[in-house]
Amino acid sequence: MISGFQIAYKNLLRKKSRTLLTLVGIMLSSWVLVSLLGFNRGYESALNRDIDNMGYQLMVMAKGCPYEAATMMLQGGTGLRYIEQSMVDSIVIRPEVDKVTPILMQAFFDPDKGDGGGIAGYFGVDLTTFPTMKPFFRFRQGGWFHDEQATEAVMGFEAAELEQREVGDMILVPEKNVQLKVVGILERTGTQDDGTIFVPLKTLQRISGIDKITTIGIKVKKDADSAKLEAALYQLPDVQVVSFTQVKQTIMKLVATARVMVLSIAIIALLIAMVGVVNTILMSVLERLQEIGILKTMGAMPGDIFRLVWTETLILCFSGGVAGIGLAFVFARLSDILVRRVLPYAPGGELVAIDLKLALLTLAVIVVVGLLSGIYPAWKAGRVRPLESIRGE
Amino acid sequence: MKGKAFLKIFLTAFLLFFAAAVPAFAAVGCDLNDPDRDVVRLFPDSTGYKTSYAAIDKRGGEPLLRRVEQRLRDRFHGIYETIDVPYTIYEIYNGKRKVGYIHGVNQKGQFGGIQVFVALDMEGRIKSFYIQKMTSQWAKKLRDPKFGRQFTGLALKDFEAYDPATGKASGKVAEIRNPAPEAEIDFRAALRALKKNLILIDEFVFSAERGKP
């Protein structure tokens with residue numbers, strides 16, 4: 001015996017073009033919806049990951065330092081401002097602070113790097129604290145320095161590539177003519193670390209003849225009040241605080257605004273698709289009034305007719321939803337690339353994160369909204385009077 | 001049948017698109033820092049240039065790599081001297097007439113990467129030799145135009161007998177003087193880079209123009 005589902009399926013096949021167009025509408029809406037929800041989730045976690053990968057959320061540096069860092073890059077390392085290394089001790093005792101790492105940034109002018117010369121940037125880092133701030137670092141070759149005074153260097157991926165260095169090779173610090181042995185080459189991180197040469201802090205201090213530092217990187221405890229810590233740090237003499245939390249919040253606000261707009265468009269697209277569903281099912285009901293009347297004369301109850309028409313809606317929405325979600329999965333990378341082109345700042349990693357849970361949630365939304373849209377045509381079909389409909393024909 | 005053909009085309013296009021979208025972490029090439037300025041300096045009579053790219057893996061794969069190594073008399077080594085390095089070739093024009101080529105290679109030096117460029121006329125003779133970047137205490141001497149002028153007029157055939165591993169040379173190449181004897185490693189590296197440079201441009205450009213590999 002033929003089931004209600006089979007009847008509904010065959011009914012939909014009667015008008016193939018109309019059914020196909022409705023399916024395409026639902027499919028596109030599902031695709032947009034699941035991609036947007038995936039982006040909503042992916043972007044935030046990618047941004048959080050990027051911020052966490054920086055290792056520290058706050059940086060303390062001498063007042064005016066960022067501007068002078070730019071000057072340093074342009075003019076060859078003159079006029080940098082420094083802070084006392086003892087400041088690290090006064091920061092690390094604060095309850096909000098998880099970890100602290102002192103950094104010395106130095107730039108040396110290399111007259112033989114291109115025609116007008118160029119700058120070679122070095123980061124003096126503390127062997128005991130810096131690696132723990134960068135747990136995502138992976139070594140392509142070798143590892144960290146052997147001790148805090150070692151005349152050794154770890155090179156970022158691009159720095160090593162430019163200098164054609166491998167572990168065991170030597171590099172020469174321009175201006176100072178000090179040789180350092182390369183002990184580690186990092187994998188590409190997609191951050192500024194790729195172009196950096198890391199040297200033990202004390203070694204770089206010795207080479208530069210400076211016992212101070214330029215920056216203190218601070219990792220804040222997860223539940224700590226970052227704003228409070230920031231305010232407290234501003235009380236330290238002659239320093240300024242750069243907070244990645246602020247940067248993150250600003251980016252998230254921008255993205256949230258864009259997200260609301262795009263989500264509105266997705267909801268409108270969904271509504272248009274559902275109007276298409278109502279139209280298709282209603283047309284199908286109106287074309288089959290006589291047939292429904294005959295079914296009723298044969299004993300079909302209004303509930304049976306309602307279920308039959310509703311099943312058609314269910315088939316349309318479910319098939320369109322599954323197809324749209326499938327497309328979203330298949331083209332997730334393409335969506336990722338397009339989103340990256342559009343956004344002013346795109347963090348690394350997966351931006352459009354679609355998983356099974358999200359797919360099922362979207363499918364449920366599509367089916368529920370679809371079934372709600374199908375209530376009116378199904379109700380109308382259920383109310384058909386058999387004799388009138390047969391006579392009407 | 002039509003459906004199957006369409007499916008095949010769709011799948012191929014799909015795979016090609018996504019293969020092209022894979023982030024390229026290929027080996028690094030060697031470009032002029034400021035081509036507009038450098039081309040005019042190396043070819044004062046030029047009015048324009050075109051840029052093209054070539055890589056051993058795309059032009060001939062392993063057999064070409066073996067041939068280049070054989071001609072170089074040295075193997076490609078290290079993690080940066082690989083078969084997929086993209087080489088930038090600058091074709092130089094005077095009006096519509098092609099007047100020469102500029103081509104550069106990266107070479108491992110004692111303390112850093114050396115970028116060696118060579119400007120060639122249409123017969124493959126060296127017009128200019130230029131070290132764009134070198135990290136060494138004695139880099140100034142090796143980057144001095146006086147050192148570069150020793151190579152003017154030489155061609156690949158003059159370097160055929162040069163052995164980069166031992167530094168042994170004959171003929172005109174043997175007469176080239178190292179202005180910084182303390183930087184013998186970098187001097188030899190520069191010569192190896194130059195020979196490799198000439199071989200590559202011969203394989204990529206002149207052999208193709210002669211119509212045989």
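Helices and strands here are DSSP runs, numbered from the N terminus. With that in hand, select A:Q179, which belongs to strand β7 (residues 178-186) of chain A. Keep in mind throughout that this is a predicted model.

**Stop 1: A:Q179 and its surroundings**

Is A:Q179 buried, exposed or partly exposed? It has 14 C-beta neighbours inside 10 Å, and a residue is buried only from 20 upwards and exposed at 12 or fewer, so A:Q179 counts as partly exposed. Now show A:M170 and A:L172: leaving aside neighbours within four places in sequence, these are what A:Q179 is in contact with. Then draw a C-alpha to C-alpha distance from A:Q179 to A:A153; you should get 9.7 Å, for two residues 26 apart in sequence.

**Stop 2: the core around A:A153 and A:M155**

Stay with A:A153 and add A:V60, A:M155, A:I197, A:I216 and A:I218. Within the largest nonpolar core, which has 48 residues, these six touch the most other members. As a rule, nonpolar side chains in soluble globular proteins tend to be buried together.

Which residues does A:M155 contact, its neighbours within four places in sequence aside? Select A:A160, A:R165, A:V182, A:I185, A:L186 and A:I197 to see them. There is also a second, separate core of 47 residues, and B:L72, B:I114, B:I131 and B:L142 are among its members.

**Stop 3: A:G156 in its loop**

Next, pick A:G156, in the loop between β5 (152-155) and α6 of chain A. A:G156 counts as buried because it has 23 C-beta neighbours inside 10 Å. Light up A:L186, A:D193, A:D194, A:G195 and A:T196, its contacts once neighbours within four places in sequence are left out. For a distance label, try A:T191: it sits 35 residues from A:G156 along the chain, and their C-alpha atoms are separated by 9.6 Å.

**Stop 4: two positive phi values**

Most residues other than glycine have a negative phi. Here are two that don't.

Go to A:Q164, in the loop between α6 and β6 of chain A. Its phi is near 55°, a positive value in a residue that isn't glycine. A:Q164 is buried, since 22 other C-beta atoms lie within 10 Å.

Now hop to chain B and select B:R73, in the loop between α4 (61-72) and β2 (87-94). B:R73 isn't a glycine either, and has a positive phi of about 65°. How exposed is B:R73? With 17 other C-beta atoms within 10 Å, it is partly exposed.

**Stop 5: a kinked helix in chain B**

Still in chain B, show helix α9 as a cartoon (residues 184-210). Its 27 residues should span 39 Å at 1.5 Å a residue, and its end C-alpha atoms are 36 Å apart, which agrees. Follow α9(B) along to B:D202, and you'll find a kink of about 45° centred there.

**Stop 6: where the chains meet**

Bring both chains back. The contact takes 17 residues from chain A and 23 from chain B. On the side of chain A that touches chain B, the elements giving two or more residues are α6 (157-163), β6 (170-173) and α12 (332-342) of chain A. Colour that side by class and you get 5 nonpolar, 3 polar and 9 charged residues.

**Stop 7: zoom out and colour by pLDDT**

Chain A comes to 14 helices and 10 strands, with 38% of its 393 residues buried. Of its contacts with a separation of 6 or more, 81% join residues 24 or more positions apart. Chain B has 9 helices and 5 strands; 36% of its 213 residues are buried, and the corresponding share of contacts 24 or more positions apart is 66%.

For confidence, chain A averages a pLDDT of 84, with 93% of residues scoring at least 70. Among its elements, helix α3 (residues 65-75) has the lowest mean, 50, and strand β8 (residues 197-200) the highest, 96. Chain B has a mean pLDDT of 84, and 86% of its residues reach 70 or more. Confidence in chain B is lowest in helix α1 (residues 2-21), at a mean of 41, and highest in β2(B), at 94. Select residues 5-26 of chain B too: pLDDT is below 50 there, and beyond near neighbours in sequence this stretch has 6 contacts in the model. The model scores ipTM 0.79 and pTM 0.65.

Key
Residues are numbered from 1 along each chain as its sequence is written. Chains are lettered from A and ligands numbered from 1 in the order in which they are written. This is a predicted model: local features need pLDDT of at least 70, side-chain atom pairs count only at pLDDT 80 or more; totals for chains, interfaces and linings use all residues. Two residues are in contact if their C-beta atoms, placed from the backbone, lie within 7 Å. Helices (H or I, at least four residues) and strands (E, at least two) are DSSP runs, numbered from the N terminus. Ala, Val, Leu, Ile, Met, Phe, Trp, Tyr, Cys and Pro count as nonpolar, Asp, Glu, Lys and Arg as charged, and the others, Gly among them, as polar. A nonpolar core is a set of buried Ala, Val, Leu, Ile, Met, Phe, Trp, Tyr and Cys residues joined through C-beta atoms within 7 Å. The expected span of a helix is 1.5 Å times one less than its number of residues. The bend at a residue is the angle between axes fitted to the seven residues ending there and the seven starting there. pLDDT is the predictor's confidence in each residue, from 0 to 100.
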